[in-house]
Every structure is written in C-alpha cells, then in structure tokens.
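Hi there,

Here is the structure I promised to pass on. Have a look at it first, and then read on for my notes.

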Amino acid sequence: MKQEIKYLKNLSRRRGKARGVTLALNPHTGGSIYNTATAEALFTVIDSPGLGMILDPRELTKAGDNPITYIQKLVKK
C-alpha cells in the first residue's frame, strides 16, 4: 500500500493535475482500495485535485459497503 500511495501521489500531482485531467481510481475487491474506508484513507494521504474515485456499486456491495454512504463521504472526489 505504501508504494501504491507514493506512486499515486506522484502520478496525480505531477501528471494528472499538470495535464488538466483527474485520474480516476476504481475500488476493487481484493485490491488495496476496495471500500469506503480505504478510499477515505487514501484521500487523507493524497489531497490532490488530480485524483478521484469511480463509483462502482457492484464492487462496493461485494465489499459490504452501501454505495449511498460511499457517495455521501466521497462526493467531492
């Protein structure tokens, strides 16, 4: 996870923001970012307008999360 955060921080700040795009991560069961809590943790460490999250209700439901809660907590991302 530490290496992923370092990579995403670099990618979102230097490449995403510099090129005027938002890199969108998709939470995925079995991955490091797979639910609301892990997405919130990521955004606590990486506060960059060049990084966002995709809403994938199927993956969130598989992880035991409610997609509505996910939206409420991560609406700005």
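A question to begin with: is Ile 71 buried, partly exposed or exposed? This is a predicted model, and in it the relative accessible area of Ile 71 is 38%. Buried would need under 20% and exposed over 50%, so Ile 71 counts as partly exposed.

As for where to find it, Ile 71 sits in helix H4, which covers residues 67-74. Ile 71 also belongs to a nonpolar patch on the surface, together with Leu 55 and Val 75. The area of that patch is about 260 Å².

Stepping back to the fold, the protein has four helices and two strands. Read from the N terminus, their order is α-β-α-β-α-α.

On overall dimensions, the C-alpha trace spans about 35 × 25 × 20 Å along its principal axes. The radius of gyration is 12 Å, which agrees with the value near 11 Å that a compact globule of 77 residues would have.

The contacts may interest you too. Among those with a separation of 6 or more, 70% come from residues 24 or more positions apart.

Finally, the surface and the interior: about 5,100 Å² of the protein is exposed, and carbon and sulfur atoms supply 53% of that area. Of the 77 residues, 35% count as buried.

If you open the model, the patch of Leu 55, Ile 71 and Val 75 is where I would start looking.

Best wishes

Terms used: Residues are numbered from 1 along each chain as its sequence is written. This is a predicted model: local features need pLDDT of at least 70, side-chain atom pairs count only at pLDDT 80 or more; totals for chains, interfaces and linings use all residues. Side-chain values use heavy atoms; hydrogens and water are left out. Patches are made of residues with over 30% relative accessible area and no salt bridge: like charges are joined within 9 Å, nonpolar side chains (Val, Leu, Ile, Met, Phe, Trp, Tyr) within 5 Å. Accessible areas come from the Shrake-Rupley method with a 1.4 Å probe; for residues, only the protein chains shown count as cover. A salt bridge is a side-chain nitrogen of Lys or Arg within 4 Å of a carboxyl oxygen of Asp or Glu. Buried means under 20% relative accessible area, exposed over 50%, partly exposed in between (1.4 Å probe, protein chains only). The radius of gyration is taken over C-alpha atoms; the globule rule is 2.2 Å times the number of residues to the power 0.38. Contact means heavy atoms within 4.5 Å.
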